[in-house]
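Work through these exercises with the structure open beside you. Try each task before reading its solution.

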Amino acid sequence: MKKGNIATALILILLGAWFLSIEVVPAIKAFAYGADTWPIAILGIGGLFALVGLVSWSPGLMIPAMIISTVGGLLYWQNATGRWESWAYAWALIIVGVGVGILLAGLMSRDRGALIGAMWVILIGVVNFVVFGAFLGGGIIIQQYWPVAIIAVGLVVLLSGLFRKKA
């Protein structure tokens, strides 16, 4: 079988098992449909993609795994804090999730070009988050964590220097 078929089959089997357990076990159903816990299901689906990507050694699955996990993490945070208006700038973190997915896929496939590209994508996401957050209401969060943008730029410069091919 091809890796793609194995990965698809594993995802479907595990998703089916999860939804069956929700229907059969009342405690799992209460957890899955709880007012405070519903974003955990989205995080679980992201983790499921990552697990299948690792088991079937399909680096490409790391990208959707990180996108889904990022959205799940954002929804979890927003649900816990009630700060739903943060979507005005938090969407930029999905770009960071794409970059992390590319980074993980690059590490799995040992692709230096993907690692450098991933760092640039992460940098773009962090810069967008900081800029849009500063203008659209992320004041306290941005004021506390703006040094992350400097760290991201430093990591991109460092990694691009380490992985650049010598002329």
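The exercises below go from the overall fold to single residues.

The model is predicted: local features need pLDDT of at least 70, side-chain atom pairs count only at pLDDT 80 or more, and totals for chains, interfaces and linings use all residues. Residues are numbered from 1 along each chain as its sequence is written, and side-chain values use heavy atoms, with hydrogens and water left out.

**Exercise 1. Describe the fold and its extent.**

Step 1. Count the elements. The protein has 9 helices and 0 strands. Helices (H or I, at least four residues) and strands (E, at least two) are DSSP runs, numbered from the N terminus.

Step 2. Read the order. Along the sequence the pattern is α-α-α-α-α-α-α-α-α.

Step 3. Take the box. Along the principal axes, the C-alpha atoms fill roughly 60 × 45 × 15 Å.

Step 4. Check burial. Of the 167 residues, 34% are buried. Buried means under 20% relative accessible area, exposed over 50%, partly exposed in between (1.4 Å probe, protein chains only).

**Exercise 2. Find the largest nonpolar core and say which helices build it.**

Step 1. Apply the rule. A nonpolar core is a set of buried Ala, Val, Leu, Ile, Met, Phe, Trp, Tyr and Cys residues joined through side-chain atoms within 4.5 Å.

Step 2. List members. The largest core has 12 residues, including Ala7, Leu48, Phe49, Leu61 and Met108.

Step 3. Assign helices. α1 (3–24), α3 (38–55), α4 (62–81) and α6 (92–109) each give two or more residues to this core. The largest share, 4 residues, comes from α3.

Step 4. Look for another core. One of 10 residues lies apart from the largest core, with Val96, Ile122, Leu123 and Val130 among its members.

Step 5. Inspect one member of the largest core. Leu61 touches Ala7, Phe49, Val52 and Gly53, not counting residues up to four places away in sequence. Contact means heavy atoms within 4.5 Å.

**Exercise 3. Is Thr70 buried or exposed, and what does Thr70 touch?**

Step 1. Locate the residue. Thr70 sits in helix α4.

Step 2. Compare with the cut-off. Thr70 counts as buried because its relative accessibility is 19%.

Step 3. Name the partners. Leaving out residues up to four places away in sequence, Thr70 touches Leu93, Ile94 and Gly97.

**Exercise 4. Place Gly133 and classify its burial.**

Step 1. Gly133 belongs to helix α7 (residues 112–135).

Step 2. Its relative accessibility is 0%, so Gly133 counts as buried.

Step 3. Compare sequence and space. Gly133 and Ala90 are 43 residues apart along the chain, and their C-alpha atoms are separated by 7.5 Å.
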